[in-house]
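User: I've got a model open and keep tripping over the labels people put on it. Can you walk me through what earns each one?

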Amino acid sequence: MIERKKVAVIGGGVSGLAAAKAFDERGHRVVGFERSHDFGGVWEPSRSYPDVQTQSPKDLYCYTDHPMPDSYPEWPKGPQVHAYLHSYAEKHNTARLFKLNTNVKAMNQRSDGQPGWTLTLEAGSHRWHEDFDFVAVATGQFSDKNIIRHPGQDGFVAAGGAVMHSSEYTDPEMIKGKRVVVLGGSKSATDIAVNAANSGARSVHWVYLEPVWRVPYFVGGINFKRLLYMRAQEQQFNAWGKSALQRVVAAVLKPLVWANFRGLETLLKTQLGLRKYGLVPKAPIEREVSCSVPIVTPGLFEALKAGKIKNIEGTFDRYDGKTIHLTGGEKIEADTTILAVGWKLGVPYLPQEFQDKLIEPDGQYRVYRLAVNPDLPDMGFVGFNSSFCTVLSAEMIANWLVRYADGQLSNQPTTSQMNSNIDLMLNWKRAERPAAQIYGGLCSAPFHFKHFDELLADMGARKTKRSNPLAEQFGYPSHTAYGEFLASCPQYQAG
Ligand SMILES: Cc1cc2nc3c(=O)[nH]c(=O)nc-3n(C[C@H](O)[C@H](O)[C@H](O)COP(=O)(O)OP(=O)(O)OC[C@H]3O[C@@H](n4cnc5c(N)ncnc54)[C@H](O)[C@@H]3O)c2cc1C
């Protein structure tokens, strides 16, 4: 008999919804907490910049049992994703489980000697404590703004300038007629630069530290989902845990793999005209592929060509009145700076003693299967296994986590097994795959299939691959196939 638990889910984005559904479905008593007034996380409109859209194609950005509507474009816009998440919550009657406008301020191990955690909760002026047997943390990697300041910023503002984080740019009216400078190399930076250039900004400069590889929605005329999300492609990267035979095969095929990636680089350079804009990255593409690789914002290269956006490599040195001095010596006159410099990864509500157990000195997380830490019992993370198809990753790990919490994994790991696997993964990232250290080492891309294979094996799935071997090798991770694989795992009910 599996005991029915009282489970807290922190966060009501993609991952919180997946976690609430997974634990509710197994019969647990779920209470979700979302500090915002609405579900959606990064897709909640008051947090999104105009024109935001997915990087993932729509059939790679959905839950297994809930495709996006046919009427949606291949890369849906932010409000469409938001509406889709609402429809998912409605379909599974998940909203009833959540308390909105409720902030988790702290979590501490229970003081009554029982397993689990006591959450300190705050809703408006009301603050209270509540005990839970298990906590699923789904607060994402984009919840706390990375705020940076440069010398002279106060003077810039005093002179009438405006400085904002990318998430605060919510309305193109903010930049009409303004001289805009966007700082950052990610997709949000280029999305905002293109939006500003098309929305009546007087001028737009885009400043970034160094060029990075960017993948267009269509590579050589082919939707990138048909090229970059394959088992066959994934096997070309230096994955962890290769057997001696796999290492020999990899060594033999190395020249072919090398040639394949050089071919891809040449294609990207030619298609996008990277040389012309000084945007050819220094690092080989295969070394860089991880969750930080951005998709090309539609219209970016057209705007560069038309001179509507001017790109400059470097960063801000200081403001001087309304002049921005860059590290390379350039000066830009500006009215508005938009700092697309990302988010602070963390779990600030977790006591320091647990953060120290969770996060290594180099910022990497000690998490087994990117979900649990053996020194932090009765809790786990959902959606920290981010990828190029994060909705599916979140759903997979949510289903894994509930089984882990209930001791129902077919491969239920011991503490020492978890620790040795965590060490193996950390060593692999440090020695062989530095790109995987991005975002605290919490990115499963480009190893989607390998990660999902491990989760399905742990869950005891009877079906783990599509019947058609060609589709399995050369097809992208299909949400319907993964729905079948999950359904083939042993099912049970708590209580
Ligand atoms: C602009 C943009 C585009 C993206 N496009 C893609 C894409 O195409 N494909 C892809 O795979 N990924 C994409 N991502 C990554 C994206 O973060 C994930 O796909 C996914 O939305 C993450 O969901 P989440 O629920 O894990 O986190 P979030 O969406 O960040 O949700 C976390 C929630 O937790 C809440 N929260 C945080 N702290 C607390 C607290 N203390 N108490 C209560 N609630 C709290 C927050 O308010 C938030 O609602 C994109 C991200 C951004 C920013």
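Analyst: Sure. Let's begin with contacts: two residues are in contact if their C-beta atoms, placed from the backbone, lie within 7 Å. Leaving out residues up to four places away in sequence, Leu 304 touches Tyr 277, Ile 309 and Asn 311. Keep in mind that this is a predicted model.

User: Why is Leu 304 called buried?

Analyst: The cut-off for buried is 20 or more other C-beta atoms within 10 Å. Leu 304 has 22 of them within 10 Å, so it is buried. You'll find Leu 304 in helix H9, residues 300-305. As for Lys 276, 28 residues apart from Leu 304 along the chain, the two C-alpha atoms are separated by 9.9 Å.

User: What makes S11 and S14 a pair?

Analyst: Pairing takes at least two bridges found by DSSP. Strand S11 (residues 203-208) and S14 have 4 bridges, in the parallel sense, so they pass that cut-off of at least two. One of the matches is His 205, whose bridge partner in S14 is Lys 310.

User: How do you know which are the edge strands of that sheet?

Analyst: Look at the order: the 5 strands run S9-S18-S10-S11-S14 in an open sheet with parallel pairing. Strand S9 (162-165) and strand S14 (310-313) each pair on one side only, and that makes them the edge strands. On average, neighbouring strands here are turned by 20° against each other, direction ignored.

User: What lies across S10, S11 and S18?

Analyst: That's helix H4 (residues 187-198), which runs at about 170° to S11. Angles go from 0 to 180 degrees between N-to-C directions, so about 170° puts H4 and S11 almost in opposite directions.

User: Which residues are closest to the ligand, and how many surround it?

Analyst: There are 33 residues around the ligand, and the closest are Gly 11, Gly 13, Gly 41, Gly 140 and Gly 383. Helix H1 (14-25), strand S4 (103-109) and helix H11 (390-405) each give two or more residues to this shell, with H1 giving the most, 3 residues.

User: What classes of residue make up that shell?

Analyst: It has 18 polar, 13 nonpolar and 2 charged residues. Gly counts as polar here, so the closest residues, those five glycines, belong to the polar class.

User: And which stretches make up the two domains?

Analyst: The domain assignment gives 6-144 + 344-487 as domain 1 and 147-341 as domain 2. Their contact takes 36 residues from domain 1 and 31 residues from domain 2.

Terms used:
Residues are numbered from 1 along each chain as its sequence is written. This is a predicted model: local features need pLDDT of at least 70, side-chain atom pairs count only at pLDDT 80 or more; totals for chains, interfaces and linings use all residues. A residue is buried if 20 or more other C-beta atoms lie within 10 Å of its own, exposed if 12 or fewer, and partly exposed in between; C-beta atoms are placed from the backbone. A residue is near a molecule or strand if its C-beta atom, placed from the backbone, lies within 6 Å of it. Domain bounds come from an automatic or database domain assignment.
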